[in-house]
Amino acid sequence: MTILLSAFLLGLMGSFHCAGMCGPIAIALPLHGNTVSQKIFGGALYNIGRTLTYGIMGAVFGLLGQGIQMIGFQQKVSVLMGGVMIVSVLFPALFRNQYSLDKSWFSVVGKLKKSIGQLFTIRSFSSLFFIGLLNGLLPCGLVYMAIAGAIGVGNVGEGSLYMILFGLGTIPMLLAISLAGNVMSLTVRKRINRLIPVLVVVVGLLFILRGLSLGIPYLSPPKQKIEQKFEKSLEKNSANLHWDSKPECCSIK
């Protein structure tokens with residue numbers, strides 16, 4: 001529960017970073033409708049679309065974490081993901097310009113931005129939703145940190161929930177920006193942005209504690225408890241698959 005709560009807090013505090021990075025998109029959103037309620041609804045659709053994309057990404061990377069857990073490395077991965085978060089804050093230069101992005105990658109991002117630009121010319125509620133869906137795929141360092149968390153939880157459902165909570169945390173700020181243009185001064189945003197690295201380190205420490213299995217309630221449960229939870233999750237998934245695979249003649253009507 002503490003880990004999942006940290007996802008929401010990461011999104012909430014990180015949204016002040018988003019105000020600088022994604023703020024221009026939020027301000028320029030073609031909010032549909034003439035009334036305040038219609039504009040709020042349109043802005044909410046954009047953010048729901050973005051959060052839905054995060055949830056799908058969380059399920060994918062949660063599945064990766066679950067696969068790692070099945071071969072017995074989940075605790076090490078939890079520690080590793082926490083370490084990556086902390087190192088990314090303490091030594092940000094290590095994560096800059098270390099990877100040569102080929103033309104194909106730039107082409108994908110370029111096409112994505114072009115598609116978003118085309119949707120901006122359509123003033124409708126559905127276009128706002130699809131702008132959010134695509135915007136969730138744009139490269140973002142803070143989203144990468146959340147993805148590391150989704151891998152660390154080691155479960156499809158919890159990985160998806162982790163990313164959804166992260167997305168929900170970013171909604172208040174970005175929705176307010178969409179409606180009001182700019183709700184906070186640059187000075188205030190800069191001050192809050194200084195707290196984001198601290199929060200990322202705290203989240204990283206939580207993942208490290210979780211992986212160490214020190215027997216601390218809610219923070220670092222014992223290994224046996226984590227394994228029991230994982231086994232129950234697998235049993236539930238197996239039961240659901242078995243039920244879905246039953247022939248129609250055998251199902252209860």
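Read along the sequence, this chain goes α-α-α-α-α-α-α-α-α-α-α. That is 11 helices and 0 strands. Before going further: this is a predicted model. The chain has 253 residues, and 40% of them count as buried. As for contacts with a separation of 6 or more, 79% of them are between residues 24 or more positions apart.

I will start with the core. The largest nonpolar core has 36 residues. Which of its residues touch the most other members? Val 143 and Tyr 162 do. Several helices feed this core: H1, residues 2–21, H3, H4, residues 74–90, H7, residues 141–153, H8, and H10, residues 195–212, each give at least two residues. The largest share comes from H7, with 9 residues.

Now Tyr 162 in detail. Leaving out residues up to four places away in sequence, Tyr 162 touches Ile 3, Leu 4, Ser 6 and Ala 7, then Ala 146, Gly 149, Ala 150 and Val 153, and finally Val 203 and Phe 207. There is also another core, apart from the largest one, with 9 residues, including Leu 29, Tyr 46, Leu 112 and Leu 138. As a general remark, nonpolar side chains in soluble globular proteins tend to be buried together.

Next, the helix packing. Two packed helices are described by the angle between their axes and by the distance between those axes. I have three pairs to show, made from H3, H7 and H8.

The pair H7 and H8 comes up here since Tyr 162 is part of their contact. Their axes are 8 Å apart and the packing angle is about 150 degrees. Angles over 145 degrees count as roughly antiparallel, so H7 and H8 are roughly antiparallel to each other. Their crossing is right-handed. On the H7 side, the contact is made by Leu 142, Val 143, Ala 146, Ile 147, Gly 149, Ala 150 and Val 153. On the H8 side are Glu 158, Gly 159, Tyr 162, Met 163 and Phe 166. By class, this contact of H7 with H8 has 9 nonpolar, 2 polar and 1 charged residues.

The second pair is H3, residues 36–70, with H8, residues 156–180. How do their axes cross? They come within 7 Å of each other, and the crossing angle is roughly 155 degrees. H3 and H8 are therefore roughly antiparallel to each other. This crossing is right-handed. The residues of the contact of H3 with H8 divide into 14 nonpolar, 11 polar and 2 charged.

The third pair is H3 with H7. Here the axes are 6 Å apart, and the angle is about 40 degrees. H3 and H7 are therefore oblique to each other. H3 passes H7 in a right-handed crossing. From H3, the contact uses Tyr 54, Met 57, Gly 58, Phe 61, Gly 62, Leu 64, Gly 65 and Gln 69. From H7 come Val 143, Ile 147, Ala 150, Ile 151 and Val 153. The contact of H3 with H7 has 9 nonpolar and 4 polar residues, and no charged ones. Val 143 of H7 is in this contact, and Val 143 is also listed in the contact of H7 with H8.

Three single residues to finish. The first is Thr 170, which is found in helix H8. Is Thr 170 buried or exposed? Its relative accessibility is 1%, so Thr 170 counts as buried. Setting aside neighbours within four places in sequence, Thr 170 is in contact with Gly 11, Leu 12, Ser 15 and Arg 50.

The second is Ile 27, in helix H2, residues 23–28. Ile 27 is partly exposed, with a relative accessible area of 45%. The C-alpha atoms of Ile 27 and Leu 175 are separated by 9.2 Å, and these two residues are 148 residues apart along the chain.

The third is Arg 123. Where is Arg 123 found? In the loop between helix H5, residues 103–120, and helix H6, residues 125–135. Not counting residues up to four places away in sequence, Arg 123 touches Pro 30, Leu 31 and His 32. Arg 123 and Leu 31 are 92 residues apart along the chain, and their C-alpha atoms are separated by 6.9 Å.

That is what I have; questions are welcome.

Notes:
Residues are numbered from 1 along each chain as its sequence is written. This is a predicted model: local features need pLDDT of at least 70, side-chain atom pairs count only at pLDDT 80 or more; totals for chains, interfaces and linings use all residues. Side-chain values use heavy atoms; hydrogens and water are left out. Axes are lines fitted to C-alpha atoms, for helices over the stretch in contact, and angles run from 0 to 180 degrees between N-to-C directions. Helices (H or I, at least four residues) and strands (E, at least two) are DSSP runs, numbered from the N terminus. Angles under 35 degrees count as roughly parallel, over 145 as roughly antiparallel, 65 to 115 as roughly perpendicular and the rest as oblique. A crossing is left-handed if the near helix is turned anticlockwise from the far one by less than a right angle, and right-handed if clockwise. Ala, Val, Leu, Ile, Met, Phe, Trp, Tyr, Cys and Pro count as nonpolar, Asp, Glu, Lys and Arg as charged, and the others, Gly among them, as polar. A nonpolar core is a set of buried Ala, Val, Leu, Ile, Met, Phe, Trp, Tyr and Cys residues joined through side-chain atoms within 4.5 Å. Buried means under 20% relative accessible area, exposed over 50%, partly exposed in between (1.4 Å probe, protein chains only). Contact means heavy atoms within 4.5 Å.
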